[in-house]
Amino acid sequence: MRHSMATEFQENQSSNGLDHQNGDHDIDGDDQFRYLIVRPEKGGLLDLAKYTVLGDTGSGVRFLEGSDEQVLGGVAEAQRWVIVVSIIARKILALFGKPMEWTGYVVDFILNLLSLNGNLSGLLSHVVHAGTVEVPQRGTETFISTIGHLDGRINLYKKGERLAEDIVAFVYSEETSTKAELGNRALMDLCIMASKLAYENARVVREIVIDHWKMHIVDFYDCWNDFQKQMSTQVFILCDKPKDASFILVSFRGTEPFDADDWSTDFDYSWYEIPQLGKVHMGFLEALGLGNRTDVVTFYNQILVYNQLQEKHNLTHQKGVEGSKRPSEGIKALSSNGIKIVPPDMVEKSAYYAVRKKLKSLLEEHKNAKFVVTGHSLGGALAILFPCVLVLHEEMELMDRLLGVYTFGQPRIGNRRLGRYMEAHLNNPVQKYFRVVYSNDLVPRLPYDNRTFLFKHFGVCLYYDSLYNEHVTKEEPNRNFLGLRFLIPLYLTAAWELLRSFTMGYVYGPEYKEGWFSILLRMVGLVLPGFAAHSPTNYVNSVRLGKERLVQSY
């Protein structure tokens, strides 16, 4: 009889009698149900000062919650500086959360007002001569996101049937063939453009996919993030054609520039451990709709028990079952009659379960199709976490149809154990996971990784320097964005990128010309270079202008 990873997971919980709420198990055990949450709101400024300056672990522990309260002092001592950075960054973001949100509304309104009325001169002309202006309305096909205004390009490197042909050639050709290389480039271009498009509303996405890319839009989802208490996880699915499709693409939306919650997630240090899989960033699990740190047992219910019930009892998202108070109680109920255990209502709004259900349907309909998952920033983290959970759930038929995962400016999602396990599933028979990083982008260096810190990248890194030279490597340079020896090059590079932005249209063609808003961001980059480098503009340019892959340090 096949002994599945999910079954092993359940047996570990039952045999150990683990309880999140009472914390009666060892945080350092290998096969136990563990978590650590950093809560900036639990301690005051005095606690933070004593922890930062004096190294007072008692003050540091006030900011922590874990599955074993007895070892939190050791965690606070060993990982002091990265926890301090997380607390400070998230306290600042919490303080400015509302102002950032209001600023985002104002910036979006002004950018769309100018765009709809022919920029500033056109707007003044409308006011003076016509006495009226076109007012932007959210949710319409003319209302473009801040990211869309940073980079106004909407057309693909290649379109329609030619694009599909190149991608199919990439799938079936030898890795070193010219067709495969062109197909890979075409696929990477589609992925970064889809990652950028994911920031837009449903009507904009539909119009661009159908009218400009000549493809078929399958569905658009606004999914529930129970921690943020809003529909903040956005994802869309497309096919190259409605019948007999060759490929299917899933694109997750990334970090919104003025969303403090999104940025706070990137700086979060909290993790949840799934035995046999590894430690996973808690905020990203929440964004996929797989739990809520205010009631930690929901991660167990959402990740494992609901999936098992769905498989064993053929439950749909509409049916639902009662919630489990303890993992061990849930397992016993599952082994006896199976119906009196889980679901929170949010399961049916979970990005993971919604996308998985649709993918199964699409791959059944399109027998020869493979699928790609992509995303920028936070969206990149969700893009790689999605197949991680598929592996946990032993969805091997789906994994066999996975063509690739392409992420851009993606933060770290888990520990080295997670990476080792997933590389076994993403490296054979060919490499399927490519993590694209541009120059000094801050986000791929988060959460921090040092000798004692647990978050680690995995997979192949396609690193593009500021000259768009591509380096195939394991890790980007300056992996933690720290150190005086990197400080001067950071600012010199930011100055170079600002100067170059004025000449891009002349050197590379009109489609590379940067607008005033993108140039303004690069000016901000003189103060905060890592944030300016995170712009999707840099990633589109890297994919399209990147030099041949001659530099390898893997």
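**Figure 1. Confidence along the predicted model.** In this predicted model, residues 1–31 have a pLDDT that stays under 50. For this stretch, the model has 77 contacts beyond four places in sequence. A second stretch, residues 174–180, also has a pLDDT below 50, and the model gives this stretch nine contacts beyond near neighbours in sequence. Where pLDDT is low, the predicted coordinates should not be read in detail. For the protein, the mean pLDDT is 80, and 79% of the residues reach 70 or more. Among the elements of the protein, the lowest mean pLDDT, 36, belongs to helix H15 (residues 327–336). Strand E8 (residues 370–376) has the highest mean pLDDT, 96.

**Figure 2. Packing of helices H5 and H12.** Two packed helices are described by the angle between their axes and the distance between the axes. The axes of H5 and helix H12 (residues 260–267) lie 9 Å apart, and the packing angle is about 180°. An angle over 145 degrees counts as roughly antiparallel, and H5 and H12 are therefore roughly antiparallel to each other. On the H5 side, Ser86, Ala89, Arg90 and Leu93 make the contact. On the H12 side, the contact is made by Ala260, Trp263, Ser264 and Phe267. Sorted by class, the residues in the contact of H5 with H12 are five nonpolar, two polar and one charged.

**Figure 3. The largest pocket and its lining.** The largest pocket holds about 1200 Å³ of space. It is lined by 40 residues, and those closest to the centre of the pocket are Trp263, Leu442, Val524, Leu528 and Phe531. Trp263 appears also in Figure 2, as one of the H12 residues in the contact with H5. Which helix gives the most to the lining of the largest pocket? H5 does, with five residues. Several helices each supply at least two residues of this lining, including helix H6 (97–116), helix H8 (146–150) and H12. Helix H20 (484–501), helix H22 (516–524) and helix H23 (529–532) are also among them. By class, the lining of the largest pocket has 31 nonpolar and nine polar residues, with no charged residues.

**Figure 4. The second largest cavity.** The structure holds two cavities of 30 Å³ or more. The second largest cavity contains about 50 Å³ of space. Of the 10 residues that line the second largest cavity, Val82, Ser86, Phe267, Pro447 and Tyr448 are the closest to its centre. Two of these names, Ser86 of H5 and Phe267 of H12, also appear in the helix contact of Figure 2. Helix H5 (residues 80–95) provides the largest share of the lining of this cavity, three residues. The lining of the second largest cavity divides into eight nonpolar residues, one polar and one charged.

**Figure 5. Backbone details at Pro447 and Lys214.** Pro447, one of the residues lining the second largest cavity, sits in the loop between strand E10 (433–438) and strand E11 (460–464). Is the peptide bond from Leu446 to Pro447 cis or trans? This bond is cis, with omega near -20°. Lys214 is placed in another stretch, the loop between helix H11 (202–212) and strand E3 (216–225). Lys214 is not a glycine, yet its phi is positive, about 55°.

**Figure 6. Helix H17 with helices H16 and H19.** The axes of helix H16 (residues 351–365) and H17 come within 11 Å and cross at roughly 75°. Angles of 65 to 115 degrees count as roughly perpendicular, and H16 and H17 are therefore roughly perpendicular to each other. Tyr352, Val355, Arg356 and Leu359 of H16 meet Phe386, Val389 and Leu390 of H17. The contact of H16 with H17 has six nonpolar residues and one charged residue, with no polar ones. How do the axes of H17 (residues 378–392) and helix H19 (residues 416–426) cross, and within what distance do they come? They cross at roughly 85° and come within 11 Å. H17 and H19 are therefore roughly perpendicular to each other. Ile384, Pro387, Cys388 and Val391 of H17 make this contact with Leu418, Tyr421, Met422, His425 and Leu426 of H19. Eight nonpolar residues and one polar residue take part in the contact of H17 with H19, and no charged residues do.

Technical notes:
Residues are numbered from 1 along each chain as its sequence is written. This is a predicted model: local features need pLDDT of at least 70, side-chain atom pairs count only at pLDDT 80 or more; totals for chains, interfaces and linings use all residues. Side-chain values use heavy atoms; hydrogens and water are left out. On a 1 Å grid over the protein atoms alone, a cavity is a set of points where a 1.4 Å probe fits but cannot get out, and a pocket is an open set with protein on both sides within 12 Å along at least five of seven lines; lining residues have an atom within 4 Å of a point. Grid points are joined across faces, edges and corners, and a volume is the space filled by probe spheres set on the points. Helices (H or I, at least four residues) and strands (E, at least two) are DSSP runs, numbered from the N terminus. Ala, Val, Leu, Ile, Met, Phe, Trp, Tyr, Cys and Pro count as nonpolar, Asp, Glu, Lys and Arg as charged, and the others, Gly among them, as polar. Axes are lines fitted to C-alpha atoms, for helices over the stretch in contact, and angles run from 0 to 180 degrees between N-to-C directions. Angles under 35 degrees count as roughly parallel, over 145 as roughly antiparallel, 65 to 115 as roughly perpendicular and the rest as oblique. Contact means heavy atoms within 4.5 Å. pLDDT is the predictor's confidence in each residue, from 0 to 100.
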